[in-house]
Amino acid sequence: MAQPVSAIFLDRDGTLNVDHGYVHEIDDFQFIDGVIDACLKLKEMGFLLVLVTNQSGIARGKFTEDQFMTLTEWMDWSLADRGVDLDGIYFCPHHPEGSIKEFTQVCDCRKPQPGMFLTAKEELGIDMASSYMVGDKLEDMQAAAAAGVGHKILVRTGKPVTSVSENAADAVLESLAALPSFIAKGHK
Ligand SMILES: O=P(O)(O)OC[C@@H](O)[C@H]1O[C@@H](OP(=O)(O)O)[C@@H](O)[C@@H](O)[C@@H]1O
Ligand SMILES: [Mg+2]
Ligand SMILES: [Zn+2]
C-alpha cells in the first residue's frame, strides 16, 4: 500500500474564486488574486490538492449538474494550464430544502458533514492529521474537524469572518495566497 500523503482541502467559492453567489457561468468565475500561484507552491511542497465544494445551487434549481460539470472542466483546465493539477474534485449537489427532487435530501456530504473529506481520504490515501482545510465559512471548519483534518484555516476572501467561525479555525489568513509561506514558516 502506498504511503499516506498530506492534502490541502480547498473550498471553492470564497476561497479559490470570488463568491458572487451560486457561481455557475465561466464569465462569473474569477480566481482570487494569488491563489493559482499558491496552489502551485503547495503542490511543489508535496501536498495533494483536493476541492470540496457545496453546490446546493443544483438542488435549488439555480443551475444543472451539467452546467456545474462544464464550469468545473473549464476551471480544471485553467489551473492545469498554469501547472496546477487538482488531485480530486468532490462536490455536494444536495440540499434538504431544494426544488429538484433528485437532489433534495439530507446527505452526509454537504459541509458541515464530513462525507466529501472521508471519500477523498479513502480514494486518495490521505493522512488527515497532517492535512489542511482552507475555507471561508464556519461549515468548512466544522466539516474538516469532523473528518479529522489536522489544520483548519479560515480565509477572509469570502463570507465575513465571525467570532464563531474564527473560534472554529486554527488560524485566520487574509487569503489562500498566504498559505504556502504560513506553512513554510512552520505555523499550523
Ligand atoms: O464555498 P463552497 O462550498 O465552494 O460553495 C458555496 C456555494 O455553493 C454557495 O453556497 C451558498 O450556501 P448554501 O449552500 O445555500 O448554504 C452560499 O454560501 C453562496 O454564496 C455560495 O455561492
Ligand atoms: Mg466557500
Ligand atoms: Zn450531499
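Helices (H or I, at least four residues) and strands (E, at least two) are taken here as DSSP runs, numbered from the N terminus. The model is predicted, so that local features need pLDDT of at least 70 and side-chain atom pairs count only at pLDDT 80 or more, while totals for chains, interfaces and linings use all residues. Residues are numbered from 1 along each chain as its sequence is written, and chains are lettered from A and ligands numbered from 1 in the order in which they are written.

**Exercise 1. Locate Y22, and state what its backbone and its surroundings are like.**

Step 1. Y22 belongs to the loop between β1 and α1.
Step 2. Although Y22 is not a glycine, its phi is positive, at about 50°.
Step 3. A residue is buried if 20 or more other C-beta atoms, placed from the backbone, lie within 10 Å of its own, exposed if 12 or fewer, and partly exposed in between. Y22 counts as partly exposed because it has 14 C-beta neighbours inside 10 Å.
Step 4. Y22 is also one of the residues around ligand 1, a group that includes D11, R12, D13, T53 and N54 as well; to be near the ligand, a residue must have its C-beta atom, placed from the backbone, within 6 Å of it.

**Exercise 2. Determine which residues of helix α1 are buried, and how they are arranged around the axis.**

Step 1. In α1, which spans residues 35-44, the buried residues are V35, A38, C39 and L42.
Step 2. These residues lie on the same side of α1, because they cover an arc of only 100° around the axis, the arc being that of the directions from the helix axis to the C-beta atoms.
Step 3. The spacing fits a general rule: an α-helix has 3.6 residues a turn, so residues three or four places apart point the same way.
Step 4. The buried residues of α1 pack against β1 (7-10), β2 (48-54), α2 (65-81) and α6 (179-184), where contact requires C-beta atoms, placed from the backbone, within 7 Å.

**Exercise 3. Describe what follows α1, taking M45 and G46 in turn.**

Step 1. M45 lies in the loop between α1 and β2, and with 13 other C-beta atoms within 10 Å it is partly exposed.
Step 2. When residues up to four places away in sequence are left out, M45 touches P180 and I183.
Step 3. The C-alpha atoms of M45 and V23 are 30 Å apart, for a separation of 22 residues along the chain.
Step 4. G46, just after α1, takes a positive phi of about 100°.

**Exercise 4. Trace the strand pairings of β1 and β2, and give the hand of the crossovers.**

Step 1. Strands pair if DSSP finds at least two bridges between them. β1 and β2 run parallel and are joined by 4 bridges, with I8 opposite L49 in β2.
Step 2. β1 also pairs with β4 (residues 132-135) in the parallel sense, over 3 bridges, and F9 stands opposite M133 in β4.
Step 3. Both faces of β1 are covered, since A7 and F9 on one side and I8 and L10 on the other are all buried.
Step 4. β2 and β3 (residues 88-92) pair in the parallel sense over 5 bridges, and the chain crosses from β2 through α2 to β3 in a right-handed β-α-β crossover.
Step 5. β1, α1 and β2 likewise make a right-handed β-α-β unit; right-handed here means that, with the strands pointing away from the viewer, the path from the first strand over the helix to the second runs clockwise.

How values were computed: Contact = placed C-beta atoms within 7 Å.
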